[in-house]
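Trainee: I am new to this structure and would like a close look at one part of it, the paired aromatic rings. Please place them in the whole first, and then go through the details one by one.

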Amino acid sequence: MNTKEILTGQKQDKLFLLGNEAAVRGALESGVSVATTYPGTPSSEIGNVLSVLAQDAGMYFEFSINEKVALEVAAAAAASGLRSFTFMKHVGVNVASDSLMSVAYTSVQGGMVILTADDPSMFSSQNEQDNRHYARLANIPLLEASNPQEVKDLMKYAYELSEEFQLPVILRTTTRVSHMRGVVELGPLAESKHKGHFHKDPNRFVPVPVTARVMHKNLVDKMDKIGVLSNNSSLNPIYNNNGNIGIVTSGSAFNYVMDVVEENNLPVNILKLTLTYPFPEKRVYEFLESVERVLVVEEVDPIMEKEIMAVVGKHQLNKTVHGKLDRTLPMIYEYNPDIILNGLGKMMGVEITAKKTVKTSFELPKRPPTLCPGCPHRAAYYEVKKAAENLKLNDLIFPTDIGCYTLGIESPYEVADYLLSMGSSIGTSCGFSKATDQTVVSFIGDSTFFHAGIPPLINAVHNKNKFVLVILDNRTTAMTGGQPHPGLPVDGMGLEAPELSIPDIVRATGVEFVEIINPLNVGKSREIFEKALQFDKVAVVISQYPCMLIKTREEKGKNSILHVQDDICTNCNTCIMELSCPAIYTRDDGKIRIDPLMCRRCNVCVQTCPEKAIRAKKIDKAGEGG
């Protein structure tokens with residue numbers, strides 16, 4: 001499918017869309033004027049698509065410096081009467097949460113939707129927090145989608161709800177919903193406003209204590225009214241299968257429940273909750289009265305389960321509630337039909353055998369993630385460790401950060417010892433500097449540095465810390481798909497933009513030792529790292545080389561390949577054991593080879609081979625060695 005079809009598709013057309021693509025179509029059908037994000041999987045495709053379509057759609061879109069700023073830009077647009085959309089992965093809401101709490105108080109004028117893409121089972125995240133908690137913490141309405149069609153439709157409903165009650169609305173997806181494909185029937189496009197107008201009203205928009213007290217009361221009143229709406233909403237339907245056992249479910253878990261019930265013809269009634277906060281207590285009470293026992297199927301935390309148990313206790317119902325708390329279902333990770341079927345069997349005290357089973361004796365090979373061939377981070381890691389080795393520094397701590405370079409945790413690099421969140425590599429280096437006498441070398445990417453690295457670096461200089469910070473500047477936000485950041489001369493819509501200099505920013509914080517290296521120059525880089533490790537204050541080394549996924553092969557390398565010269569190679573395995581580039585491998589006969597299709601000609605292996613056995617070989621037009 002051509003991405004442009006998400007914009008050009010007409011009413012009643014059907015497209016085969018990802019959940020994330022459906023969110024974009026929902027924004028277009030809702031007349032969104034301003035959209036913002038900081039890229040993060042599993043939400044990344046939303047921004048990638050908007051970056052292509054925003055100009056033609058008459059919408060403003062930006063990759064903000066971080067999620068807090070993204071939310072603030074969207075909030076200001078909504079306060080000015082425009083419909084705004086901000087979206088992020090689940091942990092991004094942590095960054096935005098300070099302002100999220102307040103925008104619920106100040107309210108909005110135009111509709112505002114905040115999409116949180118949660119990541120059960122942590123496919124690409126450091127935790128699997130359940131952001132349904134944020135709806136309750138901030139007191140904001142929450143919608144949960146279970147498929148791409150719902151994502152699109154709920155986007156439109158969310159804006160209507162937002163404007164009716166002048167509140168932001170959270171739309172929660174999960175990895176499965178974000179990345180599943182489904183047929184989506186399109187609705188009509190709505191025209192977005194180009195400009196709004198902010199009408200000053202400090203009593204509404206400035207939450208100082210005297211006004212915030214009134215704001216909070218208004219917020220509670222609004223949520224009470226939405227609670228009545230939730231209890232009577234068609235978004236919370238009951239599927240009656242004439243059973244005395246009930247399942248309450250939401251989001252992607254609903255899909256697994258339906259698979260199990262329909263495929264096995266089980267007499268189980270299902271209450272699907274989509275408008276899940278304010279929690280529809282009355283609707284749940286009515287459902288509980290129609291069954292004897294209930295199983296709560298949700299990802300990840302037992303949030304609805306506790307709400308349902310509160311309903312049972314409040315109304316003194318003689319009902320048994322099963323779910324995570326009694327371990328009928330697992331407490332962690334995402335679900336699948338087998339888990340649901342097993343849970344139903346436990347609850348009923350019988351073993352239920354699935355009618356449809358697919359089994360195979362073939363075991364898929366384990367493929368741990370690894371840095372790409374030619375990745376400049378690999379060279380930087382190698383050089384740091386060699387510099388420390390030359391200086392006989394053995395007791396090193398390597399705080400790391402969020403990005404491709406977190407893969408430095410893997411052998412043989414082993415340069416990832418501590419990680420909390422975006423930007424934490426620098427903040428925790430401050431702590432290690434004060435708490436220990438160990439040598440500290442931290443790593444942070446260019447996009448992450450802009451996102452959350454500047455304040456802790458200022459903290460480090462002001463508080464006289466001592467550590468080496470390596471800023472891995474590969475000229476893109478690599479891990480989430482190559483999105484731009486302020487260190488590049490282009491913005492989120494592909495337009496020319498001012499390029500902010502990382503070296504200038506670092507110097508402006510007061511750092512005295514600032515060096516820029518090309519990590520593919522192994523010898524020179526190692527010398528600079530040795531100097532940095534001996535510096536008595538904060539030392540910053542900026543490793544600057546483009547990500548190999550965005551960089552074309554060098555012209556000088558197009559007519560040659562790297563190969564191992566067998567008569568010189570001693571099989572010392574330095575290239576395998578210390579560099580560990582995926583393009584280098586050992587044949588069954590023990591000979592080391594370089595895969596010419598994977599090799600990016602970075603030449604780091606040429607420089608690190610102690611026997612100088614890796615050399616360039618010319619190739620003819622057919623690709624054979626000449």
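Mentor: What follows goes from the whole protein to the rings, and then to some places in the loops.

This is a predicted model, in which local features need pLDDT of at least 70 and side-chain atom pairs count only at pLDDT 80 or more, while totals for chains, interfaces and linings use all residues. Residues are numbered from 1 along each chain as its sequence is written, and side-chain values use heavy atoms, with hydrogens and water left out.

The protein has 21 helices and 23 strands; these are DSSP runs numbered from the N terminus, with helices being H or I of at least four residues and strands E of at least two. Its radius of gyration is 28 Å, close to the 25 Å that the globule rule gives for 626 residues, so the protein is as compact as a globular protein of that length. That radius is taken over C-alpha atoms, and the rule is 2.2 Å times the number of residues to the power 0.38. Along the principal axes, the C-alpha atoms fill a box of roughly 80 × 65 × 55 Å.

Of the 626 residues, 54% are buried. Buried means under 20% relative accessible area, exposed means over 50%, and partly exposed is in between (1.4 Å probe, protein chains only). The protein exposes about 27900 Å², and carbon and sulfur atoms supply 52% of that area; the areas come from the Shrake-Rupley method with a 1.4 Å probe, and for residues only the protein chains shown count as cover. A contact means heavy atoms within 4.5 Å. Among contacts between residues at least 6 apart in sequence, 76% join residues at least 24 apart.

Now the rings. How many aromatic pairs does the structure hold? There are 11 aromatic pairs. Rings of Phe, Tyr and Trp (its six-membered ring) pair if their centres lie within 6.5 Å; planes under 30 degrees apart count as stacked, over 60 as edge-to-face and the rest as tilted. Phe85 and Phe87 make a tilted pair, 4.9 Å centre to centre with 35 degrees between the planes. Phe85 has a relative accessible area of 0% and is buried. Phe87 is likewise buried, at 0% relative accessibility.

Tyr381 and Tyr413 form a tilted pair too, with 6.0 Å between centres and 40 degrees between planes. Tyr381 belongs to helix 15 (residues 376–390), while Tyr413 is in the loop between strand 15 (396–397) and helix 16 (424–435), so the pair ties together parts that are 32 residues apart in sequence. Tyr381 is buried at 1% relative accessibility, and Tyr413 is buried at 4%.

Ring pairs also link residues into a cluster made of Phe61, Phe63, Phe85 and Phe87. Phe61 sits in strand 3 (residues 60–63) and is buried, at 1% relative accessibility. Apart from neighbours within four places in sequence, the residues in contact with Phe61 include Phe87, Leu50, Ala54, Gly492 and Met493. By contrast, the C-alpha atoms of Phe61 and Asn236 are separated by 33 Å, with their positions 175 residues apart along the chain.

Some loop residues round off the picture. A cis peptide bond, with omega about 20 degrees, joins Thr41 and Pro42; Pro42 lies in the loop between strand 2 (34–37) and helix 3 (44–57). The peptide bond from Tyr277 to Pro278 is cis as well, with omega near 5 degrees, and Pro278 is in the loop between strand 12 (275–277) and helix 12 (281–289).

Gln166 is a residue other than glycine with a positive phi, near 55 degrees. Gln166 lies in the loop between helix 7 (148–165) and strand 7 (169–174) and is partly exposed, at 27% relative accessibility. Arg327 also has a positive phi, near 65 degrees, and is found in the loop between strand 14 (320–322) and helix 14 (337–348).

Leu266, in the loop between helix 11 (251–263) and strand 11 (268–273), is buried, with a relative accessible area of 14%. Beyond neighbours within four places in sequence, Leu266 has contacts that include Asn241, Val260, Leu341 and Ile352.
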